[in-house]
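Trainee: Could you take a close look at a single part of this model with me, and then show me how that part is connected to its surroundings? I would like to follow the reasoning step by step.

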Amino acid sequence: MTIKESFNNLKKMFNKKKEVKEIKEEPKKTEPEKEENDEFSNRYKEISPMRLIMRRFFRSKLSIVGIVMIVFLFLFSFLGPLVYRTWGETGVDRNPKIEYIEKTYQVTDENGKTIDITEVIEFISNINDKADPSINHLLGTDDKGMDVFTRLMYGGRISLTIGFIVVILETLIGVILGGISGFFGGWVDNLIMRIVDIFNCIPTLPILLIASAVLDSWNLSADKRIYFLMIIITLFSWSGVARLVRGQILYLKEQEYITATEVMGLSTPRKIFKHLIPNVMPQLIVSMTLGLGSVILYESTLSYLGLGVQLPKAAWGTMIATANVREVLLYHVNMWLPAGILIVIAVLGFNFIGDGLRDAMDPRAKK
């Protein structure tokens, strides 16, 4: 091989290495391409799981209707008394009320002729009770002379407050007992679940009747009776949450990340309340939202039966209870019908929101 041929071979090898190097080097991006990639990256980062859930939630028309209902109730109940100050919760209209009732009946005289006699009876009341709606009383007055419209607002405060407090308390009890039961299993699980079964088997209505009789014997005030009412409702409501949490914990504790926490040597409370319970929160939020409507309906039923909020405190259930009198049921619809409508709005609103959250948090839902 001559020197010239060797030089040509070296030149060819050098040219091949140069071509391979140029292929390996990434082509430089132009400015428009960089801006497009940055915009795509920012747009991708903005869609977080919470943002995706909220987007799904607000796509549902029923969810929006439920939010409007609940916001209306909160504004009506908590801001309404600050605007409408004409009458208080227990204010009685002391203006005398005069009513005339005419009764016509027929009498036969000595000659056999029939005579129509009209008798006018005058009733004078010291209070303006069972008044029809007017400018002074937008929805009239009840049998105690209290303004129905004002008592509706204060009754909403009590019903909504009891609903939220009871749901929070029953969720806390259910999360603690259900989490411990599902995580440890064995005799701990059997003990807690048998307690849950006992509470599920207790006849609720007879126990409530007994509790009401006990509270009456204690001569408690209306304010203190509300606290005992919340405790009683909580005692009969936490078992469902405990079962829900237990079932989710039994599934989640078999996952790989829980095995990793055991390898890391984390404490048991940290495994339960930091790694397991947060993954149960979507189901808990849906359960709490649906439970709010049930608690409000439960409280209204108890108040209707005379076991809940007592006079002079206002409650939607006690306002409906006035319809037990036939005269009120037929001729004074304004005394009980508005309270029933507000109960329906509250229960439907919370159920609509709960259904919307359940669909939004379900990854298998088709959207």
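Mentor: Let us begin with a term: a residue is called buried when its relative accessible area is under 20%, exposed when it is over 50%, and partly exposed in between. Please keep in mind throughout that this is a predicted model. With those cut-offs, aspartate 143 is partly exposed because its relative accessible area is 31%. Its side chain meets that of lysine 144 in a salt bridge, with 3.4 Å from N to O, and lysine 144 is likewise partly exposed, at 36%.

The part I would like to look at closely is aspartate 142, which has its place in the loop between strand S2 (114-125) and H5. Aspartate 142 has a relative accessibility of 9%, so it counts as buried. Where does the side chain of aspartate 142 reach? One polar contact goes to the backbone nitrogen of glycine 145, at 3.1 Å, and another goes to the backbone nitrogen of methionine 146, at 2.7 Å. If we set aside the neighbours within four places in sequence, aspartate 142 is also in contact with Asp129, Lys130, Val148, Arg151 and Met335.

One of those contacts, lysine 130, leads us onward, since its side chain forms a salt bridge with that of glutamate 327, at 3.5 Å from N to O. Lysine 130 lies in the loop between S2 and H5, while glutamate 327 lies in helix H13 (residues 326-331), so this pair ties together parts that are 197 residues apart in sequence. Glutamate 327 is partly exposed, with a relative accessible area of 38%. As background, side chains of opposite charge can pair when their charged atoms come close.

The count of salt bridges comes to seven. One of them joins aspartate 355 and arginine 358, at 2.8 Å from N to O, and these two residues are three apart in helix H14 (residues 337-361), so about one helical turn separates them. Aspartate 355 is partly exposed at 28%, and arginine 358 is partly exposed at 42%. Elsewhere, salt bridges that share partners join Arg194, Asp197 and Arg243 into one network.

Now let us turn to the aromatic rings, for which the count of pairs comes to 10. Phenylalanine 57 and phenylalanine 58 make an edge-to-face pair, 5.2 Å from centre to centre and with 80 degrees between the planes. Phenylalanine 57 is buried, at 4% relative accessibility, whereas phenylalanine 58 is partly exposed, at 44%. A further pair brings us back to H5: the rings of tyrosine 84 and phenylalanine 149 have centres 5.2 Å apart and planes at 85 degrees, so this pair is edge-to-face, as planes over 60 degrees apart count that way. Tyrosine 84 lies in the loop between helix H4 (61-83) and strand S1 (97-108), and phenylalanine 149 lies in helix H5, so the pair ties together parts 65 residues apart in sequence. Tyrosine 84 is buried, because its relative accessible area is 15%. Ring pairs also link Phe72, Phe76, Tyr84 and Phe149 into a cluster.

Following helix H5 (residues 148-184) along, we come to threonine 171. Threonine 171 counts as buried because its relative accessibility is 9%, and its side chain reaches the backbone oxygen of valine 167 at 2.6 Å. Not counting residues up to four places away in sequence, threonine 171 touches Val241, Leu284 and Met288.

H5 also has a part in covering another helix, H8, whose buried residues are covered by elements including H5, helix H7 (204-217), helix H9 (238-252) and helix H11 (268-304). Among the buried residues of H8 are Ala222, Arg225, Ile226 and Leu229. Helix H8 (residues 222-235) has 14 residues and spans 20 Å from its first C-alpha to its last, close to the expected 20 Å.

Finally, here is the setting for these details: the protein chain has 14 helices and two strands, and buried residues make up 35% of its 367 residues. Among contacts between residues at least 6 apart in sequence, 69% join residues at least 24 apart.

Technical notes
Residues numbered from 1 in each chain as written. Predicted model: local features only at pLDDT ≥ 70, side-chain atom pairs only at ≥ 80, totals over all residues. Heavy atoms only, no water. Helix = DSSP H or I, 4+ residues; strand = E, 2+ residues; numbered from the N terminus. Buried < 20%, exposed > 50% of the residue type's maximum accessible area, 1.4 Å probe, protein only. Polar contact = N/O pair within 3.5 Å; in protein donor to acceptor, adjacent residues only side chain to side chain. Contact = heavy atoms within 4.5 Å. Expected span 1.5 Å × (residues − 1). Phe/Tyr/Trp six-rings, centres within 6.5 Å; stacked < 30°, edge-to-face > 60°. Salt bridge = Lys/Arg side-chain N within 4 Å of Asp/Glu carboxyl O.
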